[in-house]
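These are my notebook entries from a session with one model, kept in the order in which I looked things up. I began with a charged pair and worked outward from there.

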Amino acid sequence: MAVNEDGVFLRAKQRAFSGLSEDVEGHWRGPFCFIQAADPQLGLMKAWRVGDCEGGGDEWAEEVELTKRAVEAVNRLQPRPRFMVLCGDLVHAMPGSPFREEQERDLKAALKDTDSSIPLVFVSGNHDLGNTPTPQTVQQYCDQWGDDYFSFWVGGVLCLVLNSQLFFDASACPQLKEAQETWLEEQLSRATASSPAEQKPKHVLVFQHIPLYLKSPDEDDNYFNLQGAVRQQLMDRFKRAGVKAVFSGHYHRNAGGCHDGLDMVVSSAIGCQLGEDAHGLRVVAVTERGVVHRYFSLEQLRAKGMDEDLKKLLEG
């Protein structure tokens with residue numbers, strides 16, 4: 001990864017995951033599905049159980065097993081998902097804290113059996129970068145998991161992966177925030193392309209860790225959402241660009257809503273549950289008309305696969 005004269009990391013604006021690039025995937029070819037997952041967060045289950053989320057994450061065998069079950073469920077699905085995106089908090093240990101390297105190693109090992117035809121897309125979360133990220137923690141994440149923001153294409157759909165920590169608290173890395181803002185504006189402008197030389201996306205989807213909101217766009221600020229002013233600005237920009245849905249995690253519960261045609265999808269965790277939901281994954285069906293999604297427990301998805309009505313949507 002290159003660095004400019006000011007020490008700011010320069011990132012590729014587009015990634016190709018096993019052919020998921022605009023020249024290959026820039027045109028609509030019919031319905032498809034993908035998997036959205038969030039928060040495997042190796043180490044949190046033990047830390048939450050003992051009431052020590054700062055230093056109690058010294059065991060993570062449960063999360064490793066749950067991640068392996070998730071991989072098994074995804075590998076069994078028919079039709080085959082085009083990709084699986086993990087929306088942040090890959091591990092629990094913050095940058096520079098004990099167990100970080102071991103947790104990252106074990107998560108990669110748990111994911112390694114994902115079918116090679118299903119690209120894995122990683123999204124950065126607050127535990128991956130720190131609640132107040134620095135250029136160093138962002139670089140460490142990028143070294144392990146890839147860029148913290150980027151775009152890719154699938155079947156005529158433009159997908160934007162964002163670093164939501166730069167929206168939440170970029171006080172220690174303002175230049176990185178500015179770089180993402182410039183890049184995002186370019187991408188959103190691309191989404192409304194009218195030039196014959198550019199292919200307009202069938203849909204635009206956004207993936208980030210922190211939700212815009214949990215239940216309502218006008219809800220109070222809290223740890224689990226983006227601050228009101230930032231939230232409203234992003235929603236306005238997304239709506240103008242025709243973004244269909246924003247997918248996130250962070251809350252460890254299912255939540256979200258739809259406002260003026262913009263779907264805010266908050267998915268619960270592969271790992272530690274903070275509510276009544278089961279450990280699970282979300283199946284997302286993308287059709288010419290829109291996006292339909294449903295959360296499944298790991299056991300349900302492993303045993304029965306996706307529901308028949310979702311399969312019918314994918315028949316075209």
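**Charged pairs**

I started with Asp307 and Arg294, whose side chains meet in a salt bridge with 3.0 Å between N and O. Asp307 sits in the loop between helix H10 (298-304) and helix H11 (308-313), while Arg294 belongs to strand E13 (residues 291-297), so this pair ties together parts that are 13 residues apart in sequence. I looked up the cover on each side: Asp307 is partly exposed at a relative accessible area of 26%, and Arg294 is likewise partly exposed, at 27%. I note here that the model is a predicted one, and I read every distance below with that in mind.

From there I followed the salt bridges that share partners, and found that Glu65, Arg69, Glu72, Arg76, Glu299 and Arg302 are joined by them into one network. For the whole model I recorded a count of 23 salt bridges.

Next I looked at Glu25, which forms a salt bridge with Arg82, the closest N and O atoms lying 2.8 Å apart. This pair links distant parts of the chain, since Glu25 is in helix H1 (residues 22-25) and Arg82 is in the loop between helix H3 (61-76) and strand E4 (84-87), with 57 residues separating the two. Which of these partners is buried, and which is partly exposed? Glu25 counts as buried because its relative accessibility is 8%, under the 20% cut-off, whereas Arg82, at 25%, counts as partly exposed.

The third pair I opened was Glu185 with Arg237, a salt bridge whose closest N and O atoms are 3.2 Å apart. Glu185 lies in helix H8 (residues 174-191) and Arg237 in helix H9 (residues 228-240), so the contact ties together parts that are 52 residues apart in sequence. Here Glu185 is partly exposed, with a relative accessible area of 38%, and Arg237 is buried, at 9%.

**Cysteines**

I then asked how many disulfides the model holds. The count comes to zero, and I checked individual cysteines to see how far their sulfurs lie from a partner. Cys142 is in no disulfide, and the nearest cysteine sulfur, that of Cys173, is 11 Å away. Cys142 is also buried, at 8% relative accessibility. Why does Cys159 have no bond to Cys87? The sulfur of Cys87 is the closest cysteine sulfur to that of Cys159, yet it is 11 Å away, which is too far for a bond because a disulfide needs the two sulfur atoms within 2.5 Å. I noted Cys159 as buried too, with a relative accessible area of 1%.

**Around Leu44**

Leu44 is found in helix H2 (residues 44-50), and it is buried, with a relative accessible area of 5%. Leaving aside residues up to four places away in sequence, I listed what Leu44 touches: Cys53, Glu63, His92, His252 and Cys272. I singled out Cys272 from that list, since Leu44 and Cys272 are 228 residues apart in sequence but 6.3 Å apart in space, C-alpha to C-alpha.

**Strand E11 and its neighbours**

I turned to strand E11 (residues 262-266), which is mostly covered, five of its five residues being buried. Leu262, Met264 and Val266 point one way from E11, and Asp263 and Val265 point the other way, all of them buried. With strand E9 (residues 243-248), E11 pairs in the parallel sense over four bridges, and I noted Met264 as the bridge partner of Val246. With strand E10 (residues 255-259), E11 pairs in the antiparallel sense over five bridges, and there Asp263 is the bridge partner of Cys258. E10 and E11 form a hairpin with two residues between them, and Asp260 in the turn has a positive phi of about 50°.

**The chain as a whole**

I closed with the overall figures, beginning with eleven helices and 13 strands in the chain. The radius of gyration is 18 Å, which agrees with the value near 20 Å that a compact globule of 316 residues would have. The C-alpha atoms fill a box of roughly 55 × 50 × 40 Å along the principal axes. Buried residues make up 55% of the 316 residues. Among contacts between residues at least 6 apart in sequence, 68% join residues at least 24 apart. My last entry is the surface, where the chain exposes about 13000 Å², with carbon and sulfur atoms supplying 48% of it.

Terms used. Residues are numbered from 1 along each chain as its sequence is written. This is a predicted model: local features need pLDDT of at least 70, side-chain atom pairs count only at pLDDT 80 or more; totals for chains, interfaces and linings use all residues. Side-chain values use heavy atoms; hydrogens and water are left out. Buried means under 20% relative accessible area, exposed over 50%, partly exposed in between (1.4 Å probe, protein chains only). Contact means heavy atoms within 4.5 Å. A salt bridge is a side-chain nitrogen of Lys or Arg within 4 Å of a carboxyl oxygen of Asp or Glu. Two strands pair if DSSP finds at least two bridges between them. The radius of gyration is taken over C-alpha atoms; the globule rule is 2.2 Å times the number of residues to the power 0.38. Accessible areas come from the Shrake-Rupley method with a 1.4 Å probe; for residues, only the protein chains shown count as cover.
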